[in-house]
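The exercises below invite a reader new to this structure to work through it step by step. Please look at the sequence and the model first, and then try each task before reading its solution.

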Amino acid sequence: MPNPKTLISEEDIKARVEELAAQISLDYADKEEIVLVGVLKGSFIFLADLSRRLSIPRHIEFIAVSSYEHGSVRSGAVRLVMDVRRSIEGKHVLIVEDIVDTGHTLHYLIDMLKSRNPASIRTCTLLHKEHATEVDVKIDYLGFAIGDEWVVGYGLDYDEKDRTLPYIGVINPDD
Ligand code: PRP
């Protein structure tokens with residue numbers, strides 16, 4: 001199979017990640033520490049690049065969730081598969097996602113983490129499929145808005161393939 005067509009190049013991702021890191025560093029400059037909560041698996045590359053470009057003290061956590069599916073259709077219900085290891089009570093939390101699609105995952109995570117009384121909670125996603133989003137979720141830091149396409153690379157997969165492509169590509173799963 002040929003490589004997926006480029007939607008967002010490696011250079012454009014790098015430049016945008018630098019901008020996001022600069023903005024986040026500025027916004028949290030007066031805070032003691034920020035807790036980055038990466039949502040596995042898709043966010044692992046974005047989180048690695050973003051966290052290394054921050055100029056503020058940071059602590060890294062991971063969380064994993066799974067969507068319930070009926071056949072190939074997602075029901076919108078989400079369940080926790082792996083929790084963070086440290087209490088977030090009184091902490092400034094930034095949830096880091098690779099993509100917000102329907103929004104159900106982020107909606108669930110914000111509600112769940114908010115109930116643990118963090119000092120603040122914000123969200124950062126590299127990609128947002130604006131027209132596919134079904135629930136209202138607040139995205140504080142956004143890399144790129146994209147159309148309703150199947151995207152892979154930079155952490156995102158199709159059936160576990162193409163996660164480590166250095167750019168965001170578009171595929172047609174029916175090909
Ligand atoms: C993707 C992505 C988000 C979620 C977004 O994860 O990483 O967590 O879907 O979708 P939503 O907005 O419709 O809820 P996926 O379930 O593909 O798992 P993965 O990150 O492990 O590949």
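Glu19 is partly exposed, with 46% relative accessible area, where buried means under 20%, exposed over 50% and partly exposed in between, computed with a 1.4 Å probe and the protein chains only. The model is predicted, so that local features need pLDDT of at least 70 and side-chain atom pairs count only at pLDDT 80 or more, whereas totals for chains, interfaces and linings use all residues. Residues are numbered from 1 along each chain as its sequence is written, and side-chain values use heavy atoms, with hydrogens and water left out.

**Exercise 1. Describe the salt bridge between Arg16 and Glu19.**

Solution. Begin with the rule, by which a salt bridge is a side-chain nitrogen of Lys or Arg within 4 Å of a carboxyl oxygen of Asp or Glu. In the bridge between Arg16 and Glu19 the closest N and O atoms are 2.6 Å apart. Next, place the two residues: both belong to helix 1 (residues 10–27), and because they are three residues apart there, about one helical turn separates them. Helices here are DSSP runs of H or I with at least four residues, strands are runs of E with at least two, and both are numbered from the N terminus. Finally, compare the surroundings: Arg16 is partly exposed at 23% relative accessibility, and Glu19 is partly exposed at 46%.

**Exercise 2. Find which parts of the chain the pair of Asp148 and Lys129 links.**

Solution. The side chains of Asp148 and Lys129 meet in a salt bridge, with 3.8 Å from N to O. This pair links distant parts of the chain, since Asp148 sits in the loop between strand 7 (141–146) and strand 8 (150–152), while Lys129 lies in strand 6 (residues 120–129), 19 residues apart. Asp148 is exposed, with a relative accessible area of 59%, whereas Lys129 counts as buried at 8%. A further step leads to one network, in which salt bridges that share partners join Lys41, Asp157, Glu160 and Arg163. By the rule used here, the count comes to 13 salt bridges.

**Exercise 3. Characterise the aromatic pair of Trp150 and Tyr158.**

Solution. Rings of Phe, Tyr and Trp (its six-membered ring) pair if their centres lie within 6.5 Å, and planes under 30 degrees apart count as stacked, over 60 as edge-to-face and the rest as tilted. The count by this rule is one aromatic pair. Trp150 and Tyr158 form this pair, which is edge-to-face, with 5.2 Å centre to centre and 90 degrees between the planes. Trp150 is partly exposed at 40% relative accessibility, and Tyr158 is partly exposed at 27%.

**Exercise 4. Work out which polar atoms approach the ligand, and which elements surround it.**

Solution. A polar side-chain atom of Asp98 lies 2.6 Å from an oxygen atom of the ligand, and an N or O atom in the side chain of Thr102 is 2.5 Å from an oxygen atom of the ligand. From Asp101, a backbone N or O atom lies 2.8 Å from an oxygen atom of the ligand. The elements that give two or more residues to the shell around the ligand are strand 5 (92–100) and helix 3 (104–114). Strand 5 provides the largest share of that shell, four residues.

Conventions:
A polar contact is a pair of N or O atoms within 3.5 Å; within protein, one must be able to donate a hydrogen and the other to accept it, and residues adjacent in sequence count only if both atoms are side-chain atoms.
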